[in-house]
Amino acid sequence: MIPQDGCRETSRICQLAPVISVLTINSSEQAGRLASALVNGGLPVLEVTLRTSAALDAIRAMTNVKGSVVGAGTVLTPADIRAAKDAGAVFGVSPGATERLLSAAEAEDFPIIPGSATASEAMRLLERGYTVQKFFPAEASGGAAALKALAAPLPQIKFCPTGGINMDNVGDYLNLENTICVGGSWVAPDALMSEGRWNDINALAQKTASLRN
Ligand code: 3PG
């Protein structure tokens, strides 16, 4: 898949909701209920980070939840791409980008949102055709002000800022022309997940889904 086709798909996915839920899951048993709480709350796009041994089983479980659009996060290697795809993930997100990673995603027809944090990184990805990128780590890289500054010279790139975003600062990003959506883990806090407070997560999802960019 050429990057332009992948970006058409990631662009479509990013426009399904204002926020992608970034989920690091310790037990795949909770995955179905977590996904239902988020999807029914209006956040269909779920990014399961490949940082735990439960991640791939969680992706498998979540793809069974009606209305979910499940992707893999923290995709770092070609092996991660193959494993995510085999588990049923329909897109990937990476904190950065390497030649090997991009080549594997393109060869596997796997839409990917690669990460950039500087103008040069964003330009290198743009040169290759990636017009949808993750701005990471968003807050530590200068936050909404830094992302806004990138819009003037690079208006053709749309970003999904992620890293340090929460209910207090999400509006600053969603107001920007070059933010296509935001990613964040605040919609499913560890404490609520470990206590199985699915109704509370559903309420948080509803509140988040009502935000608009
Ligand atoms: C990511 O995995 O993309 C980010 O680490 C999520 O960042 P957050 O936990 O600060 O929302």
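Helices here are DSSP runs of H or I with at least four residues, numbered from the N terminus. Keep that in mind for the helix stops below. One more thing before you click: this is a predicted model.

**Stop 1: just past helix 5**

Select Asp109. Just after helix 5, this residue takes a positive phi of about 55 degrees.

Now step back and select helix 5 itself, residues 99-107. Which of its residues are buried? Show side chains for Leu101, Leu102, Ala104, Ala105 and Glu106 and you have them. While you look down the axis, recall that an α-helix has 3.6 residues a turn, so residues three or four places apart point the same way.

What do those buried residues pack against? Colour four elements: helix 1 (3-14), helix 4 (78-87), strand 5 (112-113) and helix 6 (119-127).

**Stop 2: strand 2**

Jump to residues 45-49, which make up strand 2. This strand is mostly covered, with five of its five residues buried. Turn on the side chains and look along the strand: Val45, Glu47 and Thr49 point one way, while Leu46 and Val48 point the other way. Both groups are buried.

Add strand 1, residues 19-23, to the selection. Strands 1 and 2 run parallel and are paired over three bridges. To see a specific match, pick Leu23 and find its bridge partner in strand 2, Val48.

**Stop 3: the 6-7-8 sheet**

Hide what you have and bring up strands 6, 7 and 8. They form an open sheet in the order 6-7-8, with parallel pairing. Its edges are strand 6 (115-116) and strand 8 (158-161), each pairing on one side only.

Zoom in on strand 6 and strand 7 (residues 132-135), which run parallel and are joined by two bridges. A good pair to label is Ser116 with its bridge partner in strand 7, Phe135.

**Stop 4: zoom out**

Show the whole protein. In total you are looking at 10 helices and nine strands. The C-alpha trace spans about 45 × 35 × 25 Å along its principal axes. For 213 residues, a compact globule would have a radius of gyration near 17 Å, and the 16 Å found here agrees with that.

Colour by burial next: 52% of the 213 residues count as buried. Switch on a surface, and you have about 9200 Å² of accessible area, 50% of it belonging to carbon and sulfur atoms.

Last, select the charged residues. There are 17 positive and 20 negative charges, and their mean positions are 3 Å apart.

Technical notes
Residues numbered from 1 in each chain as written. Predicted model: local features only at pLDDT ≥ 70, side-chain atom pairs only at ≥ 80, totals over all residues. Heavy atoms only, no water. Rg over C-alpha atoms; globule rule 2.2 N^0.38 Å. Buried < 20%, exposed > 50% of the residue type's maximum accessible area, 1.4 Å probe, protein only. Areas by Shrake-Rupley, 256 points an atom, 1.4 Å probe, with all protein chains shown as cover. Lys, Arg positive; Asp, Glu negative; His and termini not counted. Charge placed at Lys NZ, Arg CZ, Asp CG, Glu CD. Contact = heavy atoms within 4.5 Å. Pairing = 2+ DSSP bridges.
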